[in-house]
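Got the viewer open? Let's take a walk through this one together, one selection at a time.

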Amino acid sequence: MSYNFSLTTFLKKGELGQIGNALAAVRKGHTSVGIRGKNTVVIATKISDESALVDNDSLEHVAIICDNIGMVYSGLSPDFRVLVAKARKIAQEYKLDMGEYPPATILVKKIASVCQEFTQMGGVRPFGVSILIAGFDDGKPSLYQVDPSGLYFRWKATAIGKHYEKTKEFLERRQDALIPKYPSRVVKTIIHTEETTEADDIGTIISALKECSDGEVTENSLSIGVLNFSPPNQNFNTSTVPVPSFKRLSKSEIREHLALLA
Amino acid sequence: MVPANRRGFHFDNCKRNELLESKGSITAKFTKTGTTIVGLIYKDGVILGADTRATEGPIVADKNCEKLHRLTENMYCAGAGTAADTEYTTNMIASKLELHRLNTNRQPRVVTAASMLSQHLFQYQGHIGANLILGGYDINGPQLISVMPHGSTDKLPYMTLGSGMLAAMAVFETKWKPNMERDDAIALVTEAVSAGIFNDLGSGSNVDVVVITKDRTDYLRNHSKPNQRVPKQTSYKYPPGSVSVIRKEVRYHSNANQSPAAVVPEVVMSES
Amino acid sequence: MSITQYNGSAIVAMTGKNCVVIGCDKRLGQQALTVDMNFEKVFRVKDKLYVGLPGLATDVQTLHDRIRYRVNMYDLEEERAIQPDNLAHMISNMLYQKRFGPYFCEPIIAGLTEKDEPYIMGMDLIGCLSSAPDFIVGGTASDNLYGMCEALWEPDLGPDDLFRSASQALLNAVDRDAMSGWGAVVHVITPEKTETYHLQGRQD
């Protein structure tokens, strides 16, 4: 039989079969998109609304890890929950140790090594999710993708899950479309995401999901998270300087952005 | 050796320290807060107050330390006793509460924090020297709970703790009444802490206050500063050449616009 | 006698305008017997970050080794220079982990932050952090140092004035402490460079 059930045994062609299968599970999951802006990162996902009876509010698609880090996934939601719990714990432990929340790259490395462990340890299976992580490194925003194998990348903009190729093409097209706005610059060096505002990025993401994912895009079928520098919380004045903060958009906020695009 | 990354307390120095102690050496002193901490419930919420002196025996170790520890947006904890214990205990509980908040998507409750604190302190049988006044506002309204080092808790409308607790309680017993107005309540808290500052040697310097209401928390750091140091009348600067230098080395920092990091020894007998 | 006084030590850190100074005495003793006259207790962590470790010499060396290990690991893992406040938390944690069997050492951190602002931090032997806008002292001469520093420190001293104030505070403090002395080493940290001065002191 050619099918390989063992996670930790390489196939003849030098691959680990289960990791390929985990990636297949990711590609079946709902589409998630992320864009890195100048001072922001926007991540979002299109929630499948297969049945009108499902209460989507009960599920957490965009997760807050700590004040300055958030993540979204494509793939199996139970696996994501486990990773979210681990990520939150990692962030809290880092804070107790160093007196501040981890930079995105550190959290990503630790999450990625958790994923890697689950490709080599006995008696386990890999996580059936790819995740997008929004965070800050040295005060600059960054967007990471972590795969079931433990592989991670940094992106300016990317998409994962169902129709990810189509969505990524859309993001690339969007990049080209915006280039004529800056004729004086050298075309190839311009990355649109570094010139746009948070609202532009949210708009681009919604358009991408509208165009490339299945089903209707409404405030009920979207989950959006935004990482930016927010002014200190007026009601709980614990800081006087703007602090990085990751927030989930409320339904009414998403509705406003949808109205802008209509 | 115990791996550095292992969580929790390590006991690998205990045997050695026991030996040192048996040979007649007294173990060193920990920083104590000394402290007057107070808390009261007023009309719209709860107020905590603290002085800002830390002591090491008879020495003032910190003239303006912070004894009001943030647990969550809606909860603060005033700490007295061994300073490191109050700091670490509240930090750990703050971390657990933040995880709890994220995982449940709900604002943590004061009783949750209180039982976390008392369970932790009970587990260590009083060896963690944290005397705490926990104040917060949640769906059950304003609450004030004290937690003692052995893990006992107490729920009262007003309370004082620390070496200056008697002085502060004298003020509360005289002037506290139910349903006070915000400004009056802040003034009373300040007065109670000030009583500790001026009458208890373990307490001193400034008054920190935190006011927690339904949807707002105001942390008033150094709300009252009754012990400002007067400016020096004279400058005690030493003139150049007053320090006898045997040898001088210069190390340029690698990120500065200087030659790459290098130690350049210079021999000088007296400072220029 | 407290075990922290077994070897003798004196450390002072002071803030100035865009600069900090940290210095220590050079004596190592076994109670009243002087063993070494060139035992430095302030160590370089990074270009603009120093740590002073007053207390029991065996713990001074052990802690220094552990700090160096942790900072080197931080460098490799995070690929960035550790900041003073992160180092303070790191050391504080190391000490509090041994809450019930402590190291007999009260570390003092002095350095410049990313923005070249002066930073000093002290802690007790179980890691209780205490910050101050002016100075931090430690060791067997700490009582004397408190008095000297309260008198000599003033705000916004430049590197030269700060060096002299800190040096005089240190030298005069150890002259009235039998357990410390035998000269001193003072590091003056500015954004461009760190100057290290070896000072003449009484040899008794």
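Start by selecting B:H253 and show its side chain: a polar atom there lies 3.1 Å from the backbone oxygen of C:P191. Keep in mind as you look that this is a predicted model.

Stay on that side chain for a moment. The side chain of B:H253 also reaches the backbone oxygen of C:T190, at 3.3 Å. Now bring up what else touches B:H253. Leaving aside its neighbours within four places in sequence, B:H253 is in contact with C:D47, C:K48, C:I189, C:T190, C:P191, C:E192, C:K193 and C:T194.

Is B:H253 buried or exposed? With a relative accessible area of 0%, B:H253 counts as buried, because the cut-off for that word is under 20%. To see where B:H253 sits along its own chain, colour by secondary structure: you'll find B:H253 in the loop between β13 (245-252) and β14 (263-266) of chain B.

**Next stop: chain B against chain A**

Hide chain C and show the other two chains. How many residues of chain B are in contact with chain A? There are 17 of them, and they meet 18 residues of chain A. Between them, chain B and chain A bury about 1500 Å², with 48% of that on carbon and sulfur atoms. On the chain B side, pick out B:R7, B:L99 and B:L102: these lose the most area to chain A, together 32% of what that side buries.

What holds polar atoms together here? Across this interface of chain B and chain A, the rule finds 3 residue pairs in polar contact, both partners at pLDDT 80 or more. For salt bridges between chain B and chain A, the count is 0.

Now select α2 (83-104) and β12 (216-224) of chain B, since each supplies at least two residues of the side that touches chain A. Of the elements there, α2(B) gives the most, with 7 residues. Try colouring that side of chain B by residue type: you should get 5 nonpolar, 5 polar and 7 charged.

**Last stop: a helix in chain A**

Select residues 17-28 of chain A, which form helix α1. Why does the length look right? At 1.5 Å a residue, these 12 residues should span 16 Å, and the end C-alpha atoms of the helix are 17 Å apart, which agrees.

Which residues of α1(A) are buried? Highlight A:G17, A:Q18, A:I19, A:A22 and A:V26. To see part of what covers these buried residues, add β4 (69-75) and β5 (129-137) of chain A.

Terms used
Residues numbered from 1 in each chain as written. Chains lettered and ligands numbered in written order. Predicted model: local features only at pLDDT ≥ 70, side-chain atom pairs only at ≥ 80, totals over all residues. Heavy atoms only, no water. Helix = DSSP H or I, 4+ residues; strand = E, 2+ residues; numbered from the N terminus. Expected span 1.5 Å × (residues − 1). Buried < 20%, exposed > 50% of the residue type's maximum accessible area, 1.4 Å probe, protein only. Contact = heavy atoms within 4.5 Å. Polar contact = N/O pair within 3.5 Å; in protein donor to acceptor, adjacent residues only side chain to side chain. Buried area = accessible area lost by both parts, 1.4 Å probe. Salt bridge = Lys/Arg side-chain N within 4 Å of Asp/Glu carboxyl O. Nonpolar A, V, L, I, M, F, W, Y, C, P; charged D, E, K, R; others polar.
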